[in-house]
Structures are given as C-alpha cells and as structure tokens.
Amino acid sequence: MPDPYNLPFELAAIRHLVDPALLDAAARRASTIGTGGDEVLQACGVLSSDVIVQTIAEQLGIGFDPLDDNLPPDGPIVESLKTGVLRRRYADGTRAITIAPRGLKLRDLAVAIRQNPELRKRLRLTSPERMAAYVRRLGTDALAEQAAEGLRNWRPDLSAAAHGRRDLRRTALLCALFVVLCGYFFPHEAIATVEVMLGGAFLAWITLRLHACQIRQTKAPKLDIPDRALPYYTVVVALYREVRVVPSLIEALRQIDYPQEKLDIKLVCEADDEATITALKALTLNPHFEIVIAPEAGPRTKPKALSAALPFARGDYLVIYDAEDVPEPNQLRVALAAYRRGPRNLACVQARLSIDNVGDNWLTRQFAAEYAGLFDVFLPALADLRLPLPLGGTSNHFRTDMLRRVGGWDPYNVTEDADLGIRLARFGYLSGVIDSTTYEEAPARLGAWLSQRTRWCKGWLQTWLVHMRYPLTTLRELGLGSFLVFQLLVGGTVLAALVHPFFLALVLTDATLGKLFAESETIGHALRQGLAVTTLLSGYAGSAVLAFVGLARRRLLSSSWVLLLMPLYWVLLSFAAWRGAIQLVTAPHLWEKTEHGLARTSRYGKIRRRRAALSPPARRFKAAAADRPPPRRRFAKD
C-alpha cells in the first residue's frame, strides 16, 4: 500500500505512533546518514526496538517471535548473531525462520514479501536485542567456549595456551643446562661468542630505530566521507574495576564524531565486577551502548573479554579502547579515510597513543617520551616500510571480517595486541598508523608501573615463543625482511632488557677498577670491552634520539630533560623483564591489572579548554585575519 506521506516503509508502518513532524525529521535524517528511520527513532529514545518490530510485523502480516522460551535452535546458535537469522523447529514439528532485521534490511524484507507473499508462512520477526538475549541465554556454553578457546581450537599453533607450564619449565631448564655446560667446558669462547652475538643484535636493533628517525612522515590529504557513506562501526571497551573512570569514559565515547545510529558500543565487564556494572547502569546510556558480561571460563584477561564481545559486534569496522582512553573525536573518520586510501589487504590501523598525565612526575614523563618515540616515530616508519607492527593495546581499528578471519585475540596471551599484529602479517595483511591521537593515563606509581611493564615483557616473550614455534613456517609467511624485524622488535626488545644489567655491570666494574680505558692484556679482551661500551652507550643514545624526535613531534620538548634519567629507567625495565620471564614459567596467564583514575594532571584537558575558549566568532575572526594580506611596509624616502 503506497504511503501518502512519502515516508520510507519502516516509518510509514509506525506513523500512527509518532508525531508527523517527528516522522518527517526522522525521514530526513535517515536519508542524510543512510540508515533506516527506525534506527533514528530508536537512537533518540522515541520508540523501543520491540514496539517498532511488533508494529512492523503486524503491517507485514507475519508473526512476532519474542524468543522468551528455551526452545533450542536448529543449527549453530552463535552464527545467528552474525546473520540475524535463527532457524527453529517447534513441538508440533513445524519449522520457522526468525529474522532480526533493522534499518534498510526492513525495506528489503517488505519488498521480498510483496513479491512473494508465501514468505509470511515461514518467517517470523524479532528485534536484534531479543535475538542477542536469546543467544546469551541458550548459548552460554558456546559463547564461553568460543571466547576462551576459539583460537586454540582452530589453530593451536597460534595460541599461547598450547604449551603449558610444564613445557615452559622444561624449555627453561634445557636452556639453562646448555648455558651452564658451555660456560663450564668453554668459558672464554662461550662468553666471547655470546657477547659478540648480543652486541651485533643490539647494534642492528639500534640502527633500525635510528633509521626510523630519518624517515620523513607526510600527512595524508584530508578525505571527508559524507555521513551517508559511513559504515556501521563497533567500539569495544573492556572494563574491570574501573569505577573511577566510568564517567569520563562515557563522556569521551559520547564525544565521538560519528552518527550514533551507526555506532555499536560494547562495554565488556566481568561478572563479579558489580561496582563497575552498577556505575554504568546508573548513567543514562543511549541505545547504542550495550553492556556485555564476559564468561568466567578460561583465563581472566583483557583479550578474553574482547573475544566475548566479538560475536555481538555488528559493525563493518571495530575499534578497541581502554577504560581511561580519550580518543580525538574524529578518530573513526580518520581511520576510515586511511582505509579508503590504503590497499585492500589493510586490516588494521593504529592510532597514536600519547600520555595525558605527563606532568605527574618523572616516571610519567619518561613514559611519555617512550610513547612519543614509539607511536610518533617508530611505528609510523615501520608502517611506511610495510613491516609487521606490534600493535599498541588500544585504538586499533580493524576490518571486522579480517579480524575474524585470523581468529581474533588470543585469550592466553597477555599482550594480545603485539601478538595480533604479527599474526595479521603472517596471514598476509597490512597494518598502518593514522594521524590521530588517543590520550592515555600512565601509571605514576612505581609499583603500578612495574606490574604493567612485567605483563608487557611476559607477553612479548609469549608472542615470540608462539611465532617461533615453527620458525620456518613463520619465515615463509612473513618473508625474510619482516622475519628479521620480528626478531629485533619482539625478541630483541625483551632480550635487550634482560641482558642490559650484565653489560652495565661489566662496564661499571671495569670503570671502577680502572680497567675500562687501560691497555688490555689481549686483543680479544679489548674487543669485548669496546663492544660492551659501544653497545651500552649507543643503546642509550639511540633510544634517547628516538624519544627526543618523538617529543619534538608531540611538542613536549619541555620534558626532554627526563632523557638524562634513561640509564635508571633501563635498570627498572630490566627488573621488569626478569620478573616477566620468571612469571612466564610460574604464572604465564596472570593479568596484573593497572589501576586508573589516579592522574593528577591532564594535558588533553588543557588542550580542550583552549579549544573551548576559542568561540565560533573568535574562530571566524582568526580565520579571516589569516586570509587578510599582510600590511604594506612604508619605507622612508632616500
């Protein structure tokens, strides 16, 4: 039946429930952003999804399925979340297909039924929310199994869970025994060989960092994508004991410059974290926010929580944020622009992470310098060279289908980000870096910093062990260049932290005894001394240059004095690395939680206040002044 008001089908079906002016506004917005009018009304809170779907079912002449029973599905239950189609057989032997369309798919359904009225006998309609609730209720075990064991069941060679503590202990004991035997029977040769190999590896690692500083980064031209062409986007945030930051997190997510009708925000909580769940429910969350409860099965890690949300993600793209993150509002649009310009196998783009509470103390300044060197210099250079990226733990924007193809996150790896970056490269996908910033809170207390850095070092060791399980396969999949970079980045970074105390002790001992610059008894000893000093000093210098360039690009040179404390910072890193190596054997999947909401300063807060102070009239005046030609200079006559 034609609509006299020229409304799209989903709005025409419910026109008797909504004020005509509001219907007209919803139709205009739906046309502007390329969604269904039902999504506009639901996002505004005018009508619930249930009311919309029940009314449309009546208009189409098909039944509404509330899915409030425990009748099992006729097929895999988790798959229905992705397809929106649920097949069920009833007690009387009849079969029906329950579908949960929304938006433009409702229009397609209306056209299909008009062309084939027999579909009314086989179809039932339900809301996407009811279908998700049905899957959670009846598919609890399947969802838990997929979240905790999905990657291990599919590709055990890519999971950090495939080898247990016994295998790790056996490997560690064999390595220790080999080192002891070599040191006993060939002490001088073994020490010299190890020092030369380590020195060469570290010099190559330093050279790669210095080379990154030489790569000039050009900003990509601005690409504006109209709202109508924007895809659906899923945002996933894993929370655990984050009551302090819940208000600021929700505010940051609300500031995202994206049509809320096309946003799908998943807040993943642990079942026993009642305080965080209560804090979230106390806020007035828009319909595009959803609280997902992570299953208790498997290890309690962030990647398992992310994996629990993945089946419910309905966006074509998906981004991960941490609880304390404050992304720049246009970051999703910047990521999509990068995908439009990039190759088809671009699977992930990493936003640049920057420390927000730089001014808290020297530790946060050192953290800020490290992040500036990594995310503003090193990773963009690797991306330009199309080399594997060990991703940061947040602000990773994925193509959702490619993320699912590689198995998602490894719940047993405590640095799931670095592992996923290498795995994407092994599957032939590229990762990039975008010119958009997410501000993070750095731990200002030494204990919290140590726990976080221990987890990182342990996870990087896990990642190296996983991808070196079959080294020839990894070499073939990555290629020689990427394979060598993987060794330097993932294995070399942790190895540098582990052996740094020994190089430092050797140099300090010789300096204390006056032998550092004294004439050596043998050429071999002189070479060893020279290599140790060169490696140590060039390591400090290389890291300082990388951090300095990053601080300059981040306009934080006022904090560059902290680079003088880099030797002390490296000692702390070494302690964390050894602690992580021990935990890898004793507690490989322990996730040491970092507490947030303790920052005393906020750099992004100052930036936001400066922007707010510049009112629209002031901005227009400033723009006009910029376009005005400079005043003519008057010169005195001769």
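Where is Leu565 found, in terms of the helices on either side? In this predicted model, Leu565 sits in the loop that runs between helix H22 (523-553) and helix H23 (566-586). Its relative accessibility is 30%, and because buried is reserved for values under 20% and exposed for values over 50%, Leu565 counts as partly exposed. Together with Trp561 and Leu568, Leu565 makes a nonpolar surface patch of about 270 Å².

**Two residues with positive phi**

Two loop residues can be set side by side, since for each of them the backbone angle phi has a positive value in a residue other than glycine. The table gives the angle, the loop and the relative accessibility for Leu67 and Arg386.

| Residue | Phi | Loop between | Relative accessibility |
|---|---|---|---|
| Leu67 | near 50° | strand S1 (63-64) and helix H5 (79-83) | 2% |
| Arg386 | near 60° | helix H16 (362-384) and strand S11 (396-399) | 52% |

Is Leu67 buried or exposed? With a relative accessibility of 2%, Leu67 counts as buried, because that value falls under the 20% cut-off. Arg386, on the other hand, counts as exposed at 52%, because that value is over the 50% cut-off.

**Arg469, a buried charged residue**

Arg469 has its place in the loop between helix H19 (446-467) and helix H20 (471-478). Although Arg469 is buried, it has no salt bridge, and a reader may ask how far away the nearest side chain of opposite charge is. That side chain belongs to Asp157, and it is 6.3 Å away from Arg469, whereas a salt bridge would need the side-chain nitrogen to be within 4 Å of a carboxyl oxygen. The side chain of Arg469 does, however, reach the backbone oxygen of Pro156, at 3.1 Å.

**Arg89, in a strand**

Arg89 lies in strand S2, which covers residues 85-89. Its relative accessible area is 41%, and Arg89 is therefore described as partly exposed. Which residues does Arg89 touch, if those up to four places away in sequence are not counted? They are Leu71, Asp74, Thr94 and Arg95. A further relation in space links Arg89 with Pro72, for the two are 17 residues apart in sequence, while the distance from C-alpha to C-alpha is 8.2 Å.

Note on methods
Residues numbered from 1 in each chain as written. Predicted model: local features only at pLDDT ≥ 70, side-chain atom pairs only at ≥ 80, totals over all residues. Heavy atoms only, no water. Helix = DSSP H or I, 4+ residues; strand = E, 2+ residues; numbered from the N terminus. Buried < 20%, exposed > 50% of the residue type's maximum accessible area, 1.4 Å probe, protein only. Lys, Arg positive; Asp, Glu negative; His and termini not counted. Polar contact = N/O pair within 3.5 Å; in protein donor to acceptor, adjacent residues only side chain to side chain. Patch = residues over 30% accessible without salt bridge, like charges linked within 9 Å, V, L, I, M, F, W, Y side chains within 5 Å. Areas by Shrake-Rupley, 256 points an atom, 1.4 Å probe, with all protein chains shown as cover. Contact = heavy atoms within 4.5 Å.
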